[in-house]
Every structure is written in structure tokens, then in C-alpha cells.
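Colleague: I have just opened this one and have not looked at it before. Can you take me through it?

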Amino acid sequence: MSEFVGIARDVISAIAFIAGAILAIVASIGLHRLGDTRSRMHAATKPATLGVLCCGVGAMVHLAEVSDVTKVLVIIILQLVTAPVGAHMLGRSAREK
Amino acid sequence: MTFEQLLLVVLALLALAACVIVARIVRPGSLADRAVAFDALASIIVCGVLVDAARTNDGLRLDLAVVLGLLGFLTSVTVARFIEIQDGQES
């Protein structure tokens with residue numbers, strides 16, 4: 001039973017990590033190919049929120065200790081709070097005049 | 001393929017994405033484009049630190065990810081304020 005739980009934890013965290021890496025690749029391609037500053041911002045904010053969320057879930061499932069899970073939760077919440085604020089300020093400064 | 005090898009592959013993919021974003025920062029463009037690309041680069045580095053913490057079973061590296069997330073936010077806000085002040089002086 002504990003062996004099954006270990007395999008399931010490895011599979012879940014591997015899927016989460018691969019999803020985060022694919023999001024990072026897609027964002028880096030979108031930063032080159034999209035034509036507008038705000039379109040590029042649309043591409044760049046996906047790994048900033050969902051990619052960090054996926055990698056955090058993977059690290060949480062794999063490490064599975066109380067102190068580590070708390071730290072990963074702090075990282076995820078910090079990123080979810082600060083990424084829209086930074087993107088808002090960048091978008092306001094990049095508007096056309 | 002073991003779990004550690006798969007995490008090495010994930011780290012390689014993240015490094016590839018980071019290299020492509022660095023090419024975007026070096027490429028000629030406006031300051032806001034580069035700030036956006038730097039924001040994405042900071043979040044990809046946070047992802048890489050999380051993957052490395054899982055790969056080495058080392059919870060101490062998560063502190064590094066907290067600090068890097070805060071630094072990415074501070075740099076993007078600072079550059080945005082700088083662009084706004086610069087544009088205000090020109091007009």
C-alpha cells in the first residue's frame with residue numbers, strides 16, 4: 001500500500017512539473033512571436049501564475065513535509081498576489097499615448 | 001527512466017525556455033517589452049528552484065524561491081515606475 005502511494009505521488013508530481021515546463025516553453029515562444037507589448041504580456045503571465053502553481057503543487061506532493069508544504073504555499077500565494085500587480089503597472093506604463 | 005532523470009529533463013526544458021527569453025531581452029525592443037520578458041524569466045527561475053528542491057529533497061532551497069519571487073515583483077514594479085516617470089518628462 002505504501003509503495004502504491006509512493007508511485008502515485010511520483011506520477012502526480014511528475015505530471016505537474018511537466019505541465020509547468022511546457023507552460024514555460026510556450027510562454028518563451030509567445031514572447032518572440034506575438035506582435036504587441038500587451039499581447040506579449042498575455043503570453044508572459046501564464047508561467048508567472050499557472051506555471052509556478054504547477055511546479056509548486058509538484059514540489060508539495062513530492063516533499064510532503066509540513067515545513068516544506070508551508071513554504072511552497074507561501075511562494076504560491078505570494079506569486080498569485082504580486083503577479084497581477086506587477087503586470088498591471090507594466091501595462092499601464094506601456095499604454096499608447 | 002527514474003524520477004530524478006525526469007526532473008533533469010524538466011530542468012533542461014526550463015533552461016531552454018530561459019535561454020529563449022534571454023534572447024528576447026537582448027533583442028532590440030522597447031523597455032516595456034524587456035521588463036515583461038524579465039518578469040517571465042524571474043518566474044521561470046522560481047519554477048526551476050522548485051523543481052531542484054524536489055529533485056534533491058532539500059527543503060532549504062524553497063527559501064531561495066521565496067526571495068526570488070519577491071525580487072521579481074520588486075524589479076517589475078520599479079521598472080514600470082521608471083518608464084512612467086521617463087514618459088512624463090518627455091511629454
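**Helix packing and the chain contact**

Modeller: A place to start is the pairing inside chain B, in what is a predicted model. E4(B), L7(B), V10(B), L11(B), L14(B), A17(B), A18(B), I21(B), V22(B), R24(B) and I25(B) of α1(B) are in contact with R34(B), A37(B), F38(B), A40(B), L41(B), I44(B), C47(B), G48(B), V51(B), D52(B), A54(B) and R55(B) of α2(B).

Colleague: How do the residues of that contact between α1(B) and α2(B) divide into nonpolar, polar and charged?

Modeller: The contact of α1(B) with α2(B) has 17 nonpolar residues, one polar and five charged.

Colleague: At what angle do α1 and α2 of chain B pack, and how far apart are their axes?

Modeller: Helix α1 of chain B covers residues 3-26 and helix α2 of chain B covers residues 31-56; they pack at an angle of about 165 degrees, and their axes are 10 Å apart. Because of that angle, α1(B) is roughly antiparallel to α2(B). Their crossing is left-handed.

Colleague: Stepping back, what is the secondary structure of chain B?

Modeller: Chain B has three helices and zero strands. Read from the N terminus, its elements run α-α-α. The radius of gyration of chain B is 16 Å, well over the 12 Å that the globule rule gives for 91 residues, so chain B is more spread out than a compact globule. Its C-alpha trace spans about 60 × 25 × 10 Å along the principal axes.

Colleague: And what about the secondary structure of chain A?

Modeller: Chain A comes to three helices and zero strands, and from the N terminus on its elements run α-α-α. Its radius of gyration is 17 Å, where a compact globule of 97 residues would have one near 13 Å. Along the principal axes, the C-alpha trace of chain A spans about 65 × 25 × 10 Å.

Colleague: How do helices α2 and α3 of chain A pack?

Modeller: Helix α2 of chain A (residues 37-63) and helix α3 of chain A (residues 66-93) pack at an angle of about 175 degrees, with axes 9 Å apart. That angle is why α2(A) is roughly antiparallel to α3(A). On the α2(A) side the contact includes M41(A), A48(A), V52(A), L53(A) and M60(A), and on the α3(A) side it includes V69(A), V72(A), I75(A), I76(A) and L80(A). By class, the contact of α2(A) with α3(A) has 15 nonpolar, five polar and two charged residues.

Colleague: Now the two chains together. How many residues of chain B are in contact with chain A?

Modeller: There are 42 residues of chain B in contact with 43 residues of chain A. On the side of chain B that touches chain A, α1, α2 and α3 (61-90) each supply at least two residues.

Colleague: Which helix gives the most to that side of chain B?

Modeller: α2(B) gives the most, with 15 residues. The whole side of chain B that touches chain A divides into 30 nonpolar, seven polar and five charged residues.

Colleague: Which residues of α1(A) meet α2(B)?

Modeller: S13(A), F17(A), G20(A), A24(A), A27(A) and L31(A) in α1(A) do, and in α2(B) their partners are A37(B), A40(B), I44(B), C47(B), V51(B) and A54(B). This contact of α1(A) with α2(B) has 10 nonpolar, two polar and no charged residues.

Colleague: At what angle do α1 of chain A and α2(B) pack?

Modeller: Helix α1 of chain A, residues 2-33, packs with α2(B) at an angle of about 160 degrees, and the axes are 11 Å apart. The two helices are therefore roughly antiparallel to each other. The crossing of α1(A) and α2(B) is left-handed.

Colleague: Last topic, confidence. What is the mean pLDDT of chain B?

Modeller: The mean pLDDT of chain B is 90, and 98% of its residues reach 70 or more.

Colleague: Which element of chain B has the lowest mean pLDDT, and which the highest?

Modeller: α3(B) has the lowest, at 88, and α1(B) the highest, at 92. For the complex, the predictor gives an ipTM of 0.89 and a pTM of 0.90.

Methods
Residues numbered from 1 in each chain as written. Chains lettered and ligands numbered in written order. Predicted model: local features only at pLDDT ≥ 70, side-chain atom pairs only at ≥ 80, totals over all residues. Axes fitted to C-alpha atoms, helices over the stretch in contact; angles between N-to-C directions. Helix = DSSP H or I, 4+ residues; strand = E, 2+ residues; numbered from the N terminus. Parallel < 35°, antiparallel > 145°, perpendicular 65-115°, else oblique. Left-handed = near helix turned anticlockwise from the far one by under 90°. Contact = placed C-beta atoms within 7 Å. Nonpolar A, V, L, I, M, F, W, Y, C, P; charged D, E, K, R; others polar. pLDDT = per-residue confidence, 0-100. Rg over C-alpha atoms; globule rule 2.2 N^0.38 Å.
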